[in-house]
Every structure is written in structure tokens, then in C-alpha cells.
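Colleague: I would like a close look at one part of this model, the empty space inside it. Please start with the overall layout and then work inward.

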Amino acid sequence: MMKKFLFAALAVFLLLQPEESKAQVSAGIYQQNLNTYLAIGTDPDEKMFGELRLGAGDELDLEGTFGYNFIQKQEVNFYSGAHLGVANLTTDFSEAYLGVPLGLLVKPFSAAPNLGFLLEASPLVGFDSGDGYLRAGIGLKYTFR
């Protein structure tokens, strides 16, 4: 069941990527609640973008994130979208979850426009338990162009 879910989540993540955004790749590291997330994704300066995140810390999580930039400026992007993920992958207590990120990508250095600081908050709800919580954090993101 879990393998089918992960395959479906990855397929949806890849299919939702806009064609023109596949040329640039972004990489990030985020500290959110108790986990550190490593992320790889498409260009966060496009109108629509996506990321695949691997969280490690107290638990191992895998997450696909789709984002839509509502505000796009040279120094800052404000986005929202959807997370689809699985928490606690390595235990018998794994659970799929859905979330809605609200994020700010700030690029304060004109000499390094590919480097950004991420601020993100996401209410998350588990599919099985129905439990919800707010995940928030900060991070760094770099876009290879």
C-alpha cells in the first residue's frame, strides 16, 4: 500500500511540473519543527514550481510539494500550494498527510540572486488519524541556472 502511494505521489509531482521550468533545478535545506528537510525541485521563480523533500530527524518523511507564486518580485516570492507526504516511513506507524504551505522566499543579495532564505508554515492533516498540527520553519534554497 505504501509503495503504491509513494509511486502515485511522485507521478503526480512530476506530471504537474510546467514544461518550461524543467531546465532549472533548486536545492534546499530547511529546519521545520523537529526534522531537517533536504529538497530538490524546479525553479522557484516560475509561477508554478514543485519540490521533492526528504525529512530526517526524529522520523523519516517523504513529501512532494506543489507551489504557486502569488507574489513574484526580484527580492521576494510569496507562495502557497499543497504538500502530499508520508511521515514515519521507517516505522509501523507511517501515515500519509496533506498540507497547505504558506511561504516566503526572500532573496536579499543582489550579488547572489540564486540564493534565498525560506520561511514557511504549513497546517498538516493525517489521512488515517485525522490529527493535525502546524509545521513551521526556516531554510536556505539555491537555484542552479
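Colleague: Read along the sequence, what pattern of helices and strands does the protein follow? Then take me to the largest cavity: which residues line it?

Modeller: Bear in mind that this is a predicted model. Read along the sequence, the pattern is α-β-β-β-β-β-β-β-β-β. That is one helix and nine strands. The protein has 145 residues, and 38% of them count as buried. Take the contacts with a separation of 6 or more: 46% of them join residues 24 or more positions apart. The accessible surface comes to about 8000 Å², and 69% of that belongs to carbon and sulfur atoms.

Now the empty space. Rolling a probe the size of a water molecule over the atoms shows where such space is left. With a threshold of 30 Å³ or more, the count is one cavity. The largest cavity has a volume of about 50 Å³. Its lining consists of Pro44, Asp45, Leu105, Lys107, Pro113, Asn114, Leu115, Gly116, Lys141, Thr143 and Arg145. Strands E8 and E9 are the elements that give two or more residues to this lining. By type, the lining divides into four nonpolar, three polar and four charged residues.

Thr143 deserves a stop, as one of the residues that line the cavity. Thr143 lies in strand E9, residues 132–144. Is Thr143 buried or exposed? Thr143 counts as buried because its relative accessibility is 2%, and the cut-off is under 20%. Leaving out residues up to four places away in sequence, Thr143 touches Gln24, Val25, Ser26, Asp43, Pro44 and Asn114. Two of those partners, Pro44 and Asn114, line the cavity as well.

Next, the open space. The largest pocket has a volume of about 310 Å³. Its lining holds 22 residues, and the closest to the pocket centre are Glu59, Asp61, Ala87, Leu124 and Tyr133. Strands E2 (35–41), E6 (95–99), E8 (115–126) and E9 each give two or more residues to this lining. So what is its chemical mix? Nine of the lining residues are nonpolar, seven polar and six charged.

The walls of both spaces lead into the nonpolar core. In soluble globular proteins, nonpolar side chains tend to be buried together. In this model the largest nonpolar core has 10 residues: Tyr30, Tyr37, Ala39, Phe49, Tyr79, Ala87, Tyr97, Leu105, Leu118 and Leu124. E2, E5 (76–87) and E8 each supply at least two of them. Leu105 ties the core to the cavity lining. Ala87 and Leu124 belong to the core and are also among the residues closest to the pocket centre.

Follow Leu124 to Gly99. Gly99 sits in strand E6. Gly99 is buried, at a relative accessible area of 1%. Beyond its neighbours within four places in sequence, Gly99 is in contact with Gly81, Ala82, His83, Pro123 and Leu124. Arg135 is 36 residues from Gly99 in sequence, and their C-alpha atoms are 9.2 Å apart.

Strand E2 offers another view. Ala39 belongs to the core. Ala39 touches Ser26, Ala27, Gly28, Tyr30, Glu51, Leu52 and Arg53, again without residues up to four places away. Tyr30 in that list is a core member too. Ile40 also lies in E2. Under the rule that leaves out residues up to four places away, Ile40 touches Val25, Ser26, Glu51 and Leu52. Val25 and Ser26 are also partners of Thr143. Ile40 and Tyr142 are 102 residues apart in sequence, yet their C-alpha atoms are 9.7 Å apart.

Last, two loop residues. Most residues other than glycine have a negative phi. Asn33 has a positive phi, near 50°. Where is Asn33 found? Asn33 is in the loop between E1 (25–32) and E2. Its relative accessibility is 38%, so Asn33 counts as partly exposed. Asn88 has a positive phi as well, about 60°, although it is not a glycine. Asn88 is in the loop between E5 and E6.

Note on methods: Residues are numbered from 1 along each chain as its sequence is written. This is a predicted model: local features need pLDDT of at least 70, side-chain atom pairs count only at pLDDT 80 or more; totals for chains, interfaces and linings use all residues. Side-chain values use heavy atoms; hydrogens and water are left out. Helices (H or I, at least four residues) and strands (E, at least two) are DSSP runs, numbered from the N terminus. Buried means under 20% relative accessible area, exposed over 50%, partly exposed in between (1.4 Å probe, protein chains only). Contact means heavy atoms within 4.5 Å. On a 1 Å grid over the protein atoms alone, a cavity is a set of points where a 1.4 Å probe fits but cannot get out, and a pocket is an open set with protein on both sides within 12 Å along at least five of seven lines; lining residues have an atom within 4 Å of a point. Grid points are joined across faces, edges and corners, and a volume is the space filled by probe spheres set on the points. Ala, Val, Leu, Ile, Met, Phe, Trp, Tyr, Cys and Pro count as nonpolar, Asp, Glu, Lys and Arg as charged, and the others, Gly among them, as polar. A nonpolar core is a set of buried Ala, Val, Leu, Ile, Met, Phe, Trp, Tyr and Cys residues joined through side-chain atoms within 4.5 Å. Accessible areas come from the Shrake-Rupley method with a 1.4 Å probe; for residues, only the protein chains shown count as cover.
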